[in-house]
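Subject: Structure handover and notes

Dear colleague,

I am passing on the structure we spoke of, together with some notes on what was found in it. Please have it open while you read, since the notes refer to individual residues throughout.

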Amino acid sequence: MKSSTAISALDKFGAVGAFLAAAAAPCCFPLFAAVGAALGLGALQSWRGYMDYAIQGFVLISVVGSAFAFRQHRQVWPLGIGLMSAALAFFAFYVSYHVALIYVGLAGLAVASIWNVVAKRQASSCCRPVELQSVITCPHCGHQKQETMPTDACVHFYECPNCHALLRPKSGDCCVFCSYGSVKCPPIQSGGSCCAG
């Protein structure tokens with residue numbers, strides 16, 4: 001689990017690393033000079049000849065991270081933006097050097113990285129398995145009982161097996177499981193709205 005989390009963070013690590021490497025070379029990337037100075041990257045001035053290689057390395061790391069992120073959420077756009085951004089950066093370094101292309105490439109990697117975060121969250125929330133077991137706790141006597149929730153209907157009334165109090169949903173809740181259960185009802189777990197009354 002830890003290794004998959006680390007791999008999924010490669011795109012962010014690569015994008016941030018490329019940005020910081022560019023900020024450490026203010027003579028080549030004047031737009032990042034203020035950021036580099038604020039972060040104390042001036043100490044890396046003696047290494048500025050290697051910063052172009054560092055940027056390229058971080059760009060490659062970001063692309064690898066985008067490919068792994070694509071395998072998790074299956075959205076093509078972030079991967080496409082990441083690949084195009086990397087292509088722009090390498091075009092600028094090896095075919096026709098223009099600092100604007102590198103700026104656009106780094107901005108594209110940042111956009112792809114943010115998009116990957118959003119896409120992974122959406123994919124994980126929609127694919128989370130729905131729990132059907134919920135423990136209802138009676139607010140009157142404290143009795144607890146595990147019940148199986150229906151997937152196709154709301155439970156508007158529940159009689160406590162201990163004190164026989166009739167439980168109703170609290171205001172704003174769709175069913176007794178949302179009010180008194182340890183787990184919300186299946187439609188709420190799935191990210192939908194309350195069950196149809």
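What follows goes from the chain as a whole to its helix packing, then to two residues, and finally to a hairpin.

Please keep in mind from the start that this is a predicted model, so that every value below is computed from predicted coordinates. The protein chain holds 8 helices and 4 strands, and, read from the N terminus, its elements follow the order α-α-α-α-α-α-β-β-β-β-α-α. The chain has 197 residues, of which 34% count as buried. If one takes the contacts between residues at least 6 apart in sequence, 53% of them join residues at least 24 apart.

Helix 4, which spans residues 48-73, takes part in two of the packings described here, and I will take its partners in turn. With helix 2 (residues 10-23) it packs at an angle of about 160°, the two axes lying 7 Å apart. Because an angle over 145 degrees counts as roughly antiparallel, helix 2 and helix 4 are described as roughly antiparallel to each other, and their crossing is left-handed. On the side of helix 2 the contact includes Leu10, Phe13, Gly14, Gly17 and Ala21, while among the residues they meet in helix 4 are Met51, Ile55, Phe58, Ile61 and Gly65. Sorted by class, this contact of helix 2 with helix 4 comprises 13 nonpolar, 5 polar and 1 charged residues.

The second partner is helix 5 (residues 76-94). Helix 4 and helix 5 pack at an angle of about 165°, with their axes 9 Å apart, and this pair is therefore roughly antiparallel as well, again with a left-handed crossing. From helix 4 the contact draws on residues including Asp52, Gln56, Leu60, Val63 and Phe70, and from helix 5 on residues including Val76, Leu79, Leu83, Phe90 and Tyr94. The residues of this contact of helix 4 with helix 5 divide into 15 nonpolar, 4 polar and 1 charged. Ile55, Val59 and Ser66 of helix 4 are listed in the contact with helix 2 and also in the contact with helix 5.

Two single residues may be worth a look in your viewer. Ser85 sits in helix 5 and is buried, since its relative accessible area is 5%; leaving out residues up to four places away in sequence, Ser85 touches Gly105, Gly108 and Leu109. Leu101 belongs to helix 6 (residues 99-126) and, with a relative accessibility of 23%, counts as partly exposed. Beyond its neighbours within four places in sequence, Leu101 is in contact with Leu88, Phe91, Ala92 and Ser96. From Leu101 to Phe90 the C-alpha to C-alpha distance is 9.2 Å, the two being 11 residues apart in sequence.

Lastly, strand 1 (residues 133-137) and strand 2 (residues 144-148) run antiparallel and are joined by 5 bridges. Thr137 stands opposite Gln144 of strand 2. The hairpin formed by strand 1 and strand 2 has 6 residues between the strands, and in it Gly142 adopts a positive phi near 80°.

With best regards

How values were computed. Residues are numbered from 1 along each chain as its sequence is written. This is a predicted model: local features need pLDDT of at least 70, side-chain atom pairs count only at pLDDT 80 or more; totals for chains, interfaces and linings use all residues. Side-chain values use heavy atoms; hydrogens and water are left out. Axes are lines fitted to C-alpha atoms, for helices over the stretch in contact, and angles run from 0 to 180 degrees between N-to-C directions. Angles under 35 degrees count as roughly parallel, over 145 as roughly antiparallel, 65 to 115 as roughly perpendicular and the rest as oblique. A crossing is left-handed if the near helix is turned anticlockwise from the far one by less than a right angle, and right-handed if clockwise. Contact means heavy atoms within 4.5 Å. Ala, Val, Leu, Ile, Met, Phe, Trp, Tyr, Cys and Pro count as nonpolar, Asp, Glu, Lys and Arg as charged, and the others, Gly among them, as polar. Two strands pair if DSSP finds at least two bridges between them. Buried means under 20% relative accessible area, exposed over 50%, partly exposed in between (1.4 Å probe, protein chains only).
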